[in-house]
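Student: Please take one part of this structure and go through it closely, then work outward to what lies around it. I would like one continuous account.

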Amino acid sequence: MRDFRADLHIHTLLSPCGSLEMSPAVIVQLAKARNIDIIGITDHNHSGHSALIQELAEAEGIFVLRGFEVTSKEEAHCLAFFEKDEEIKAFQDFIDAHILKIDNNPDKFGYQVIIDKDEMITEEIPWLLINAIDYDVDKLANKVHSLNGLFIPAHVNREAFSLMSQLGFVPPDIKADALEISRHTTKEKFLKSQSYLSGFSFIQSSDAHYPEDLGRIWSIFHMEEASFAEIRKALKKEDGRNVKTLA
């Protein structure tokens, strides 16, 4: 087994809050230059760039976790990852059916465009992708798991759009495969005040919206190979696999 560097929370230019510099090609180039072995593509409520990034990354020996950053009914951000195309499509259809569809204002929130490998715009999403869906966190976790996905509440310690900001705490019985903490703390500091969560696996990610942030912090996955099955095992701490934060 070996260690893999993983940054599992990265936005492309499709996210309205993402820099227009965050094209699929740029993301892959940055990950390679910064020795990131595994990247998670997590645009807000949409997977429009994940397949292209997977194609580009495979050529560079980088593994891609294809996913979403979903805004729950409580307005808590949660990461959801899936292995197969049909699972991604099913979850995208689910989000499209349940998101509050308010028209995007690009001048206020930013553009929401999908581009191809030649960096030509192929589609613009008309509704604001940072809106919430009408599923609460528990129901959202169940939906992700029903599609064999991984469910990871995002930046749970952050002062906005997190479980702690929206609920006041992280429910001890939440059906999460791991918890993400932001780069502004450490697992040790976090657990000093939240020791009841010590049984969970933790990841840290960059939550990159701009090129300079990608790979600023990462998690270390100890496993046989970079694959969805091995990542699931590492999060479950099975068969000698595990995941560690940098601090």
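Tutor: Two strands pair if DSSP finds at least two bridges between them; strands (E, at least two residues) and helices (H or I, at least four) are DSSP runs numbered from the N terminus. This is a predicted model, in which local features need pLDDT of at least 70 and side-chain atom pairs count only at pLDDT 80 or more, while totals for chains, interfaces and linings use all residues. Residues are numbered from 1 along each chain as its sequence is written, and side-chain values use heavy atoms, with hydrogens and water left out.

The part I take is strand β4. Its residues 77-82 pair with strand β3 (residues 63-71) in the antiparallel sense, over six bridges. Within that pairing, glutamate 69 stands opposite leucine 79 of β4, and threonine 71 has histidine 77 as its bridge partner. The two strands make a hairpin with five residues between them, and in the turn glutamate 75 has a positive phi of about 65°.

β4 also has a partner in β7: the two run antiparallel and are joined by four bridges. Leucine 79 takes part here too, with isoleucine 152 in β7 as its bridge partner. Strands of a sheet pair through backbone hydrogen bonds, either parallel or antiparallel.

How enclosed is β4? Six of its six residues are buried (under 20% relative accessible area, with exposed meaning over 50% and partly exposed in between; 1.4 Å probe, protein chains only), so the strand is largely enclosed by the rest of the structure. In a regular strand the side chains alternate between the two faces of the sheet. Both faces of β4 are covered, with His77, Leu79 and Phe81 buried on one side and Cys78, Ala80 and Phe82 buried on the other.

The wider setting is an open sheet of seven strands in the order β7-β4-β3-β2-β1-β10-β11, with mixed pairing. Its edge strands, each pairing on one side only, are β7 (150-153) and β11 (242-245). From one strand to the next the twist averages 30° (axes are lines fitted to C-alpha atoms, for helices over the stretch in contact, and angles run from 0 to 180 degrees between N-to-C directions).

Two helices can be placed against β3. Helix α2 (residues 50-58) packs on the sheet and touches β2 (38-41) and β3, its direction making about 160° with that of β3; contact means heavy atoms within 4.5 Å. Helix α3 (residues 85-98) lies across β3 and β4 and runs at about 15° to β3.

Helix α3 holds one of the nine salt bridges found in the whole structure (a side-chain nitrogen of Lys or Arg within 4 Å of a carboxyl oxygen of Asp or Glu). Here aspartate 93 meets lysine 89, the closest N and O atoms being 2.9 Å apart. Both residues lie in α3, four residues apart, about one turn of the helix. Aspartate 93 is partly exposed at 39% relative accessible area, whereas lysine 89 is exposed at 52%.

Helix α2 is involved in another salt bridge, in which the side chains of lysine 117 and glutamate 55 meet at 2.8 Å, N to O. Lysine 117 is in the loop between β5 and β6 (121-124) and glutamate 55 is in α2, so the pair ties together parts that are 62 residues apart in sequence. With 52% relative accessibility lysine 117 counts as exposed; glutamate 55, at 42%, counts as partly exposed.

A further pair is glutamate 60 and lysine 32, whose side chains meet in a salt bridge of 2.6 Å, N to O. Glutamate 60 sits in the loop between α2 and β3 and lysine 32 in helix α1, 28 residues apart, so distant parts of the chain are linked.

That leads to α1 (residues 24-33), whose buried residues are Pro24, Ile27, Val28, Leu30 and Ala31. Viewed down the axis, these residues fall within an arc of 165° (taken from the directions from the helix axis to the C-beta atoms) and so line one face of the helix. Their cover includes β1 (2-10), β2, α2 and β5 (113-115). Gln29 and Ala33, on the other side of α1, are exposed.
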